[in-house]
Amino acid sequence: MPIGSFHPPLRTLMGPGPSNVDPRVLEAMSRPTIGHLDPLFITLMDEIKTLLKYAFQTQNELTLPISGPGSVGMETCFVNLVEPGDKVIVCQNGAFGGRMRENVIRCGGTAVMVEDNWGDPVDPQKLEDALNSNPDARIVAFVHAETSTGATSDAASLVELAHGHDCLTIVDAVTSLGGTALKVDEWQIDAVYSGTQKCLSAPPGLSPVSFNERAKERIRTRKSKVQSWFMDLNLIMEYWGAGSQRTYHHTAPVNSLYALHEALILLQNEGLENAWTRHQNNHKLLLAGLEAMGLSLLVEKSHRLPQLNSVRIPQGVDEAEARKTLLKDYNLEIGAGLGPLAGKIWRIGLMGRTSTSDNVMLCLRALDEVLTNIGADINSGRALSAAQGV
Ligand SMILES: *Cc1c(COP(=O)(O)O)cnc(C)c1O
């Protein structure tokens with residue numbers, strides 16, 4: 001038998017990403033492929049840069065999507081800014097801070113770790129202490145929205161502390177972009193990376209990044225070549241840069257860029273602040289329902305991400321079995337816990353286009369039914385009316 005075409009089911013994606021992609025974006029992606037040096041494509045690239053500047057709230061000239069998932073955006077920041085021998089302070093309060101450390105080491109740098117409990121925000125006092133005891137540090141890196149826990153950190157304060165000690169900042173905004181307030185210029189972030197498949201609700205595979213003048217200067221004055229050819233921004237700028245010759249660097253993922261363009265237009269039409277408010281409102285609905293059920297969130301109220309809700313698993317529940325049933329019977333995907341939180345939490349994402357009141361209701365109804373059926377100790381039948389009352 002020859003292998004047939006692949007037809008995925010229509011799932012509701014309420015995990016830590018990817019989120020549901022709007023049909024308009026999927027339709028844009030299926031338009032005819034054109035050459036990546038076609039003048040029409042160059043116009044599209046310029047529009048994407050403008051739309052990304054809006055999403056990031058920045059005037060940075062060097063704002064573009066890197067061809068590769070969020071992880072490639074992360075590497076792009078580290079390989080360009082970290083030189084062998086550099087000391088980098090990495091704040092870790094979840095899984096992704098650990099990957100930053102790994103990046104620093106692979107660039108030949110030394111990582112000084114500032115650690116907080118998974119579920120807590122980065123503690124500015126601990127960063128201050130680390131900056132004081134490491135006057136030779138050159139960079140501070142942290143995750144704005146920790147998707148492994150659902151906690152947000154005070155990016156503006158952390159950047160200010162870093163600058164007070166002459167350090168550049170690398171900020172992971174993969175989950176915050178388009179979902180919660182992120183103000184690259186106002187907060188003076190030097191280098192930031194994100195992803196398309198979380199709150200932008202474009203398909204996975206692209207990573208928007210932005211670098212300010214200080215970061216560009218650091219890259220220009222490097223003593224050694226960037227160790228990655230593909231991610232060397234000096235070369236990428238020849239292709240994406242303003243006034244550049246747009247010479248061939250690599251073949252851009254043309255159709256994925258159509259999709260990102262359309263997703264950014266949806267964001268522009270809604271308005272960035274309205275998108276932030278929508279994420280917050282739907283989080284409140286979900287929370288009301290979960291609490292009525294007797295469930296609780298891992299993260300304290302003041303640091304909760306509306307787009308990623310870490311729910312404590314009730315005693316005696318086989319968490320993997322419950323997730324399997326949600327997927328099989330309700331076409332609903334939620335996420336598991338990572339690292340020390342594996343088996344302790346579920347991660348319910350309300351990212352981008354997935355963040356609707358209908359999806360919140362679907363999730364509450366499904367969770368209520370599944371947990372009731374397996375005899376979990378919850379208040380059955382109360383979640384929906386509690387959410388409707390918000
Ligand atoms: C998802 C995520 C990444 C990695 O993005 P990929 O697209 O999966 O490579 C990095 N950091 C954070 C905080 C994330 O949520």
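**A tour of the ligand site and the two domains**

Start by selecting Lys198: an N or O atom in its side chain is 2.7 Å from an oxygen atom of the ligand. That pair is a polar contact, meaning N or O atoms within 3.5 Å. With the protein around it, the ligand has 88% of the 380 Å² of accessible area it has on its own covered (Shrake-Rupley method, 1.4 Å probe).

Before moving on, note that this is a predicted model, where local features need pLDDT of at least 70, side-chain atom pairs count only at pLDDT 80 or more, and totals for chains, interfaces and linings use all residues. Residues are numbered from 1 along each chain as its sequence is written, and side-chain values use heavy atoms, with hydrogens and water left out.

Next, pick Gln197, where a polar side-chain atom lies 2.7 Å from a ligand oxygen. Then click Thr147: here the distance from a side-chain N or O atom to an oxygen of the ligand is 2.3 Å.

Now show the whole shell, meaning residues with a heavy atom within 4 Å of the ligand. Among them are Pro69, Gly70, Ser71, Phe96, Asp172 and Val174. The shell divides into 5 nonpolar, 5 polar and 2 charged residues, with Gly counted as polar.

Finally, zoom out and colour domain 1 (24-268) and domain 2 (272-389), whose bounds come from an automatic or database domain assignment. Their centres, taken over C-alpha atoms, are 29 Å apart. Select the interface to finish: 28 residues of domain 1 are in contact with 23 residues of domain 2, contact being heavy atoms within 4.5 Å.

Key
A polar contact is a pair of N or O atoms within 3.5 Å; within protein, one must be able to donate a hydrogen and the other to accept it, and residues adjacent in sequence count only if both atoms are side-chain atoms.
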